[in-house]
Amino acid sequence: MSERTSPERNLLFIDDDDQVTESVVPLLTEMGFNVSATRSGVIPDGFKPDIVICDYDLGVCDQRNGVQIVTDLKAEAPNARFIICSGLPREVPTGVEFFSKTDLVELLASLEEPECNCPDHQNGRIAGSHA
């Protein structure tokens, strides 16, 4: 059984592949997330995500790539954590880390609330304890 997260965490899952969505969303729900899934980079009305997982390539569902979508969504959800994932290996822009969809459960289970009130933890720039 998957490790459960703290309650009331909203997660927006963005992917144009229905098979991926149908397999990943139940896992995220089992982990305790309130999940909203969409095929394009638009936050549903009234949904305030704490975490956004976005596929890098949304094909015809959205003409932007995952980096562009995340950049746009940061204005709407400035406190959310963003994860860009892809089922395919690819070159990544500096400062962007990609995760395969199969790594999402482990990654999300490792996300914790910020360890302190410093700006780097609060803004999601660092995780874990200070070095």
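In this predicted model, the side chains of Asp72 and Arg64 meet in a salt bridge, with a separation of 2.6 Å from N to O. Neither partner is buried: Asp72 is partly exposed at 37% relative accessibility, and Arg64 is likewise partly exposed at 24%. The pair is one of two salt bridges that the structure holds.

The second salt bridge links the side chains of Arg39 and Asp18, again at 2.6 Å from N to O. Arg39 lies in the loop between strand 2 (33-38) and strand 3, whereas Asp18 belongs to helix 1 (residues 18-30), so this pair ties together parts that are 21 residues apart in sequence. Arg39 is partly exposed, its relative accessible area being 38%. Asp18 also counts as partly exposed, at 42% relative accessibility.

These interactions may now be placed within the overall fold. The protein comprises four helices and five strands, and along the sequence these follow the pattern β-α-β-β-α-β-β-α-α. Of its 131 residues, 39% count as buried. Among contacts with a separation of 6 or more, 60% come from residues 24 or more positions apart.

Strand 1 (residues 9-14) offers a suitable point of entry to the sheet. Strand 1 is mostly covered, with six of its six residues buried. The covering applies to both faces: Arg9, Leu11 and Phe13 are buried on one side, and Asn10, Leu12 and Ile14 are buried on the other. Strand 1 pairs with strand 2 in the parallel sense, through six bridges. Strand 1 also pairs with strand 3, again parallel, over four bridges.

Leu11 illustrates both pairings. In strand 2, the residue opposite Leu11 is Val35, while in strand 3 the residue opposite Leu11 is Ile51. The route from strand 1 to strand 2 passes through helix 1, and these three elements make a right-handed β-α-β unit.

Asn10, a polar member of this region, deserves separate attention. The residue is found in strand 1. What is the relative accessible area of Asn10? The value is 17%; because buried means under 20%, Asn10 is classed as buried. The side chain of Asn10 makes a polar contact with the side chain of Asn34, at 2.7 Å. Leaving aside residues up to four places away in sequence, Asn10 touches Asn34, Phe47, Lys48, Pro49, Asp50 and Ile51.

Strand 3 (residues 51-55) is also mostly covered, five of its five residues being buried. On one side the buried residues are Ile51, Ile53 and Asp55, and on the other they are Val52 and Cys54, so that both faces are covered. Besides its four bridges to strand 1, strand 3 is joined to strand 4 (residues 81-85) by five bridges, and strands 3 and 4 run parallel. Val52 can be followed in both directions: Leu12 of strand 1 stands opposite Val52, and Phe82 in strand 4 is a bridge partner of Val52.

Helix 2 (residues 66-76) connects this description with the salt bridge considered at the outset. Which residues of helix 2 are buried? They are Gly66, Ile69, Val70 and Leu73. Viewed down the axis of helix 2, these residues fall within an arc of 95 degrees, so they line one face of the helix. The general geometry of such an element is consistent with this arrangement: an α-helix has 3.6 residues a turn, so positions three or four places apart point the same way.

The buried residues of helix 2 are covered by elements that include strand 1, strand 3 and strand 4. On the face turned away from the buried side, helix 2 carries the exposed residues Thr71 and Ala75. Asn65 caps the N-terminal end of helix 2, where one of its side-chain oxygens lies 2.9 Å from the backbone nitrogen of Val67.

Taken together, the description joins strand pairing to burial. Strand 3 bridges to strand 1 and to strand 4, and these strands, with strand 3 itself, are among the elements covering the buried residues of helix 2. The two salt bridges involve partly exposed residues, including Arg39 and Asp72.

Definitions and conventions:
Residues numbered from 1 in each chain as written. Predicted model: local features only at pLDDT ≥ 70, side-chain atom pairs only at ≥ 80, totals over all residues. Heavy atoms only, no water. Buried < 20%, exposed > 50% of the residue type's maximum accessible area, 1.4 Å probe, protein only. Helix = DSSP H or I, 4+ residues; strand = E, 2+ residues; numbered from the N terminus. Pairing = 2+ DSSP bridges. Polar contact = N/O pair within 3.5 Å; in protein donor to acceptor, adjacent residues only side chain to side chain. Contact = heavy atoms within 4.5 Å. Salt bridge = Lys/Arg side-chain N within 4 Å of Asp/Glu carboxyl O. Arc of directions from axis to C-beta. Right-handed = clockwise from strand over helix to strand, strands pointing away.
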